[in-house]
Amino acid sequence: MNQQPTLTAQEINPLGSLEEWEDDLIARYPDPAGTQPEHKTKEEFRNYEAPARDSVREFYKLNHRYQTYDFVKQKQADYLAFNKKEMSVWGAMEFLNTLVDDSDPDIELDQLQHLLQTAEAIRADGHPDWFVLTGFLHDMGKVLCLFGEPQWAVVGDTFPVGCQHSDKIVYPEFFADNPDSQNEQFNTKYGIYSHQCGLDNVTMSWGHDEYLYHITKDYLPEPALYMIRYHSFYSQHREKAYDHLLNGHDRAMFKWVDKFNPYDLYSKSPKTPVVSELRPYYEDLIAKYLPATVRL
Ligand SMILES: [Fe+2]
Ligand SMILES: [Fe+2]
């Protein structure tokens, strides 16, 4: 069954902004240091809850229903051909930044600002330059939205497909609508996988993480690639729900995923980075590790 679902505009973009997913993550996994993102007061968080919470719920309903094993295989076949665009990494970032959400521009940070804040927080803590670069790049795969992908095939928590959906994944009840959950090949604990087979043998739900991993996999150190590929795999890096699929090497590498996650979630600040000041540093870093152009 390789039918693409026919979607309404509401089903393509259930979220007012991609940031609603990220705000929901912060609500789910609050900063242990206790600081809410400074640009949102408690009051704003409360105000946001009612309508945005409903849209996040709707978002996951669609995500859990449509992210089947076959759906992922189709997206891989389409996007991993890399025949959409060829551009410099900085150019890809500027392209990503044309993704404008319709929510309040006074509150929302654009994509480039989130990436620079993440990277600058990593840099301020004295981490190696490839880690800083990873912070800068990690959401570049969201350009999928600009290729017409629905939000739930770009962002959202990721999870393995081809085996049972863990009840530790957010809104697990929505997997009842996913045809894979009725498929005997896929609906057991291991499904098509085996004990500690290693994540490299596991197909993840489709989104910006997997896509960027494939764009960068020949160029960045392995810890960077784990951070990119699994940064939205909350049911593992936060909940340890898929220990039975990880091998020893995955477990060692997930220490880096864990190290990265707080920078992604908790680095938001109302102080917007001055792009023109930071650009030369990041252009040098890009040139050190990545080719002059990448294919999307
Ligand atoms: Fe991300
Ligand atoms: Fe991010």
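Here is a walk through some helix packing in this structure, with helix 9 at the centre of the tour. Keep in mind that the model is predicted.

A quick reminder before we start: two packed helices are described by the angle between their axes and the distance between the axes.

Let's begin with helix 8, residues 208–216, and helix 9, residues 222–230. Their axes are 7 Å apart and meet at an angle of about 150°. Angles over 145 degrees count as roughly antiparallel, so helix 8 is roughly antiparallel to helix 9. Who does the touching? On the helix 8 side you'll find Asp209, Glu210, Leu212, Tyr213 and Thr216, and they face Leu225, Ile228, Arg229 and Tyr230 of helix 9. That contact is a bit of a mix, with 5 nonpolar, 1 polar and 3 charged residues.

Now look at helix 9 from the side of helix 7, which covers residues 129–137. This pair packs at an angle of about 20°, with the axes 10 Å apart. Since angles under 35 degrees count as roughly parallel, helix 7 is roughly parallel to helix 9. Their crossing is right-handed. Helix 7 brings Trp130, Phe131, Thr134 and Leu137 to the contact, while helix 9 offers Ala224, Met227 and Ile228. Sorted by class, that gives 6 nonpolar residues, 1 polar and no charged ones. Ile228 may ring a bell, as it also belongs to the contact with helix 8.

The next partner is helix 11, residues 248–266. Helix 9 and helix 11 pack at about 60°, with their axes 8 Å apart, and that angle makes helix 9 oblique to helix 11. Here, too, the crossing is right-handed. Glu222, Pro223, Tyr226, Met227 and Tyr230 of helix 9 meet Met253, Phe254, Trp256, Val257 and Phe260 of helix 11. The tally for this contact is 9 nonpolar, no polar and 1 charged. Met227 is a residue to click on, because it touches helix 11 and appears in the contact with helix 7.

Finally, hop over to helix 12, residues 275–289. Its 15 residues reach 20 Å from the first C-alpha to the last, close to the 21 Å expected at 1.5 Å a residue. Helix 12 does bend, though, by about 25° at Tyr281.

Conventions. Residues numbered from 1 in each chain as written. Chains lettered and ligands numbered in written order. Predicted model: local features only at pLDDT ≥ 70, side-chain atom pairs only at ≥ 80, totals over all residues. Axes fitted to C-alpha atoms, helices over the stretch in contact; angles between N-to-C directions. Helix = DSSP H or I, 4+ residues; strand = E, 2+ residues; numbered from the N terminus. Parallel < 35°, antiparallel > 145°, perpendicular 65-115°, else oblique. Contact = placed C-beta atoms within 7 Å. Nonpolar A, V, L, I, M, F, W, Y, C, P; charged D, E, K, R; others polar. Expected span 1.5 Å × (residues − 1). Bend = angle between axes of the 7 residues up to and from the residue. Left-handed = near helix turned anticlockwise from the far one by under 90°.
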